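Please open the model in a viewer and keep the selection panel at hand. The stops below proceed from one selection to the next.

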Amino acid sequence: ELTFFVDQFPTQNVSLVFSSENISSPASMFGHVFLLFHKERIPELDSKVIHYSAILDDSSRGLGYIFKGLMGGFQGAFGTTSFFRQIIDYSRREQRFIQGSSLDLSPDQVRMLLFHLFELRLAKFKYYFFNENCAYQIDSLLGILPGSNKIAENKLYTLPIEIFEKHRLNQTFQFGIEPLITSSRKKIRSLRGDEKKLFDQIIHG
């Protein structure tokens, strides 16, 4: 079972990825961080994502949702998905910036992370919006590596951007993905005169 779990993940590169804030969701108003396992320097769409998030239920709306998130009323767990899914959700659907930093990890350190993730695959923790959130748990996960300094336990809040900047000190390569609207506007502005005229005709008829 351990071998099957580990073999799902490319081990050539591991990146820490930050997705900017989503002000329409209290759980994401400060952004989100996750780990990305990929083969090539620039991540492939089918790269494997490890993320930590709250397990939502029927009360996950309105004031009840906010109250439970503030008071630890939700459970949180690690999960996996594809990078393609994250791009669709964050960059396309929610119009959020995605920024990644490839971490300088040895093969043994990558295996250590995966072995620990295997141990955590069924674990559940209390989830809090402001402290024991995705940033706290991803930082705790990276904190098992030799030389890593985990963020203080008694902090009132743990911000995803804070964790991203902290671990970016050990980065070897950066990449970014703009929201669909932003990238589309840039492409429209770069059109030449005749291309712009044709574009206007298509849009406006």
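Select S2 and S3 to begin: the two strands run antiparallel and are joined by three bridges. Strands here are DSSP runs of E with at least two residues, helices are runs of H or I with at least four, and both are numbered from the N terminus. Two strands count as paired if DSSP finds at least two bridges between them. Within this pair, Leu36 stands opposite Val49 in S3. The model is a predicted one, in which local features need pLDDT of at least 70 and side-chain atom pairs count only at pLDDT 80 or more, while totals for chains, interfaces and linings use all residues. Residues are numbered from 1 along each chain as its sequence is written, and side-chain values use heavy atoms, without hydrogens or water.

Keep S2 selected and display its side chains. Seven of its seven residues are buried, where buried means under 20% relative accessible area, exposed over 50%, and partly exposed in between, with a 1.4 Å probe and protein chains only. In a regular strand, side chains alternate between the two faces of the sheet. His32, Phe34, Leu36 and His38 point one way from S2, whereas Val33, Leu35 and Phe37 point the other way.

Next, add S1. Seven bridges join S1 to S2 in an antiparallel arrangement, and Val14 stands opposite Phe37 in S2.

From S1, move to S5. These two strands also pair in the antiparallel sense, over five bridges, with Ser19 opposite Ile98 in S5. Of the six residues of S5, five are buried.

Now add S7, which runs antiparallel to S5 and is joined to S5 by six bridges. Two positions are worth labelling: Ser102 has Phe173 of S7 as its bridge partner, and Leu103 has Gln171.

Show the whole sheet. Seven strands form an open, antiparallel sheet in the order S6-S4-S3-S2-S1-S5-S7. Strand S6 (125-127) and strand S7 (171-177) stand at the edges with a single partner strand each, so one side of each has no neighbour in the sheet. The average twist from one strand to the next is 35°.

Select residues 134-142, helix H5. This helix lies across S1, S2, S3, S4, S5 and S6 and runs at about 40° to S2. Axes are lines fitted to C-alpha atoms, for helices over the stretch in contact, and angles run from 0 to 180 degrees between N-to-C directions; contact means heavy atoms within 4.5 Å. Helix H6 (residues 160-167) also packs on the sheet, touching S1, S2, S5 and S7, and its direction makes about 145° with that of S1.

Turn to the surface and select Phe30, Leu63, Ile66, Phe67, Leu70, Met71, Phe130, Leu156 and Tyr157, which make a nonpolar patch of about 970 Å². Leu70 belongs to helix H2 (residues 62-71) and is partly exposed at 38% relative accessibility. Patch members have over 30% relative accessible area and no salt bridge, and nonpolar side chains (Val, Leu, Ile, Met, Phe, Trp, Tyr) are joined within 5 Å, like charges within 9 Å. Areas come from the Shrake-Rupley method with a 1.4 Å probe, and a salt bridge is a Lys or Arg side-chain nitrogen within 4 Å of an Asp or Glu carboxyl oxygen.

Finally, select Gln95, in the loop between helix H3 (83-93) and strand S5 (98-103). Its phi is near 55°, a positive value in a residue other than glycine.
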